[in-house]
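Biologist: I would like to go through this model with you, one question at a time. Please give the reasoning before the value or name.

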Amino acid sequence: MNLNFGITDLSGTFSVMDVVLSLALAFATSVVVAWTYRATHRNISYSQSYVHTLIILGMLIALIMLVVGSNIARAFALVGALSVVRFRNAIKETRDVGFIFLVMGLGMACGTRFYTLAVIATVVICAVILLMHRFNWFSLNVQRQVVKVQVPADEGDYTGAIEDVLVAATEEFELISTESVRGGSLLELAYSARLKKGVTPGEVIERLRTLNAGQKATVLTGYDQTDM
């Protein structure tokens, strides 16, 4: 009795060497991208899990491209299947999105067996990223501070006197918030400001504390915090 269930193995459309080479090259290029990301990351939001995801994503895209091949119907079926997936993790930095698209593009190149393109793109793009990091391209050296001053809530208007201090000590400033603290007994005024050259946060704090009856004054900068 001959049982034929009509099961067809489509793996013959590409060789085992094609699969191994595509996945291996996707892994190698994704590792280079991951290393570049790690070497050029500056902020405290670095995540090892994100870097691992970059490598996995590159290999996964290569696998998907091997499955899809040149079959348009299969491609549309895959889009429909993936459309039900929802990712709720927020991307912490804009550049992280760029690295995701980079490994996706490299995975697509490996999965469609454009091996030379994948290698050249990895070298060129990662070299550009390293150059931008090394020479700090397009940086804007404008350091702004946040000045917070607490004043008694029921002893007159301190705003004018505080702004006189800021006029003398800053290039520019702007009131960004007014908040009631300590059960309404104090008001906290917060200003965005850019200190004049040669003026230190400590000097600004000393001037402010002569006006606010000895209450708290704080200057927050992009690199340090001065608090008295």
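Biologist: Which residues does the UniProt annotation "transmembrane region" cover?

Modeller: Keep in mind that this is a predicted model. The annotation comes from an unreviewed UniProt entry. According to that record, the residues covered are 20–37, 49–77 and 97–130.

Biologist: How far apart do the end C-alpha atoms of residues 97–130 lie?

Modeller: For residues 20–37, the span is 100% helix and 0% strand, and its end C-alpha atoms lie 25 Å apart. Residues 97–130 are 91% helix and 0% strand. That span includes the loop between helix H4 (94–111) and helix H5 (115–134), where Arg113 lies. For residues 97–130, the distance between the end C-alpha atoms is 17 Å.

Biologist: How many salt bridges does the structure hold, and what is the partner of Arg113?

Modeller: The structure holds two salt bridges. In one of them, the closest N and O atoms are 3.5 Å apart, and the pair is Arg113 with Asp18. This pair links distant parts of the chain, 95 residues apart, with Arg113 in the loop between H4 and H5 and its partner in helix H1 (residues 16–40). The count is two, and the partner of Arg113 is Asp18.

Biologist: Is Arg113 buried or partly exposed?

Modeller: The cut-off for buried is under 20% relative accessible area, and exposed means over 50%. Arg113 has 35% relative accessibility, so it counts as partly exposed.

Biologist: Which strands does the salt bridge of Arg194 and Glu172 tie together?

Modeller: The side chains of Arg194 and Glu172 meet at 3.5 Å, N to O. The two residues are 22 apart in sequence, so the pair ties together separate parts of the chain. Arg194 is partly exposed at 28%, and Glu172 is partly exposed at 37%. The strands are E3 for Arg194 and E2 for Glu172.

Biologist: How many bridges join E2 to E3?

Modeller: E2 and E3 run antiparallel, and one bridge pairs Thr178 with Leu189 in E3. Their hairpin has four residues between the strands, and Arg182 takes a positive phi near 55° there. E1 also runs antiparallel to E3, with eight bridges, and Val151 has Leu187 as its partner in E3. For E2 and E3, the number of bridges is ten.

Biologist: Why is E3 largely enclosed by the rest of the structure?

Modeller: E3 has ten residues, and the enclosure follows because the number of them that are buried is eight.

Biologist: Which residues of helix H6 are buried, and what covers them?

Modeller: The buried residues of H6 (residues 159–169) cover an arc of only 95° around the axis, which puts them on the same side of the helix. What covers them includes strand E1 (145–152), strand E2 (170–181), strand E3 (186–195) and H7. The buried residues are Ile162, Val165, Leu166 and Ala169.

Biologist: Where does Gln215 lie, and which residues is Gln215 in contact with?

Modeller: Gln215 lies in the loop between helix H7 (201–209) and strand E4 (217–220). At 18% relative accessibility, Gln215 counts as buried. Leaving aside its neighbours within four places in sequence, the contacts of Gln215 are Gln150, Pro152, Arg182, Leu186 and Arg209.

Biologist: How many disulfides does the structure hold?

Modeller: A disulfide is a covalent bond between the sulfur atoms of two cysteines. Cys110 is buried, with a relative accessible area of 0%, and Cys126 is buried at 4%. The number of disulfides in the structure is zero.

Conventions
Residues are numbered from 1 along each chain as its sequence is written. This is a predicted model: local features need pLDDT of at least 70, side-chain atom pairs count only at pLDDT 80 or more; totals for chains, interfaces and linings use all residues. Side-chain values use heavy atoms; hydrogens and water are left out. Buried means under 20% relative accessible area, exposed over 50%, partly exposed in between (1.4 Å probe, protein chains only). Contact means heavy atoms within 4.5 Å. The arc is that of the directions from the helix axis to the C-beta atoms. UniProt positions are given in the numbering used here, feature names are shortened, and annotations may be inferred rather than shown by experiment. Two strands pair if DSSP finds at least two bridges between them. A salt bridge is a side-chain nitrogen of Lys or Arg within 4 Å of a carboxyl oxygen of Asp or Glu. A disulfide is a pair of cysteine sulfur atoms within 2.5 Å.
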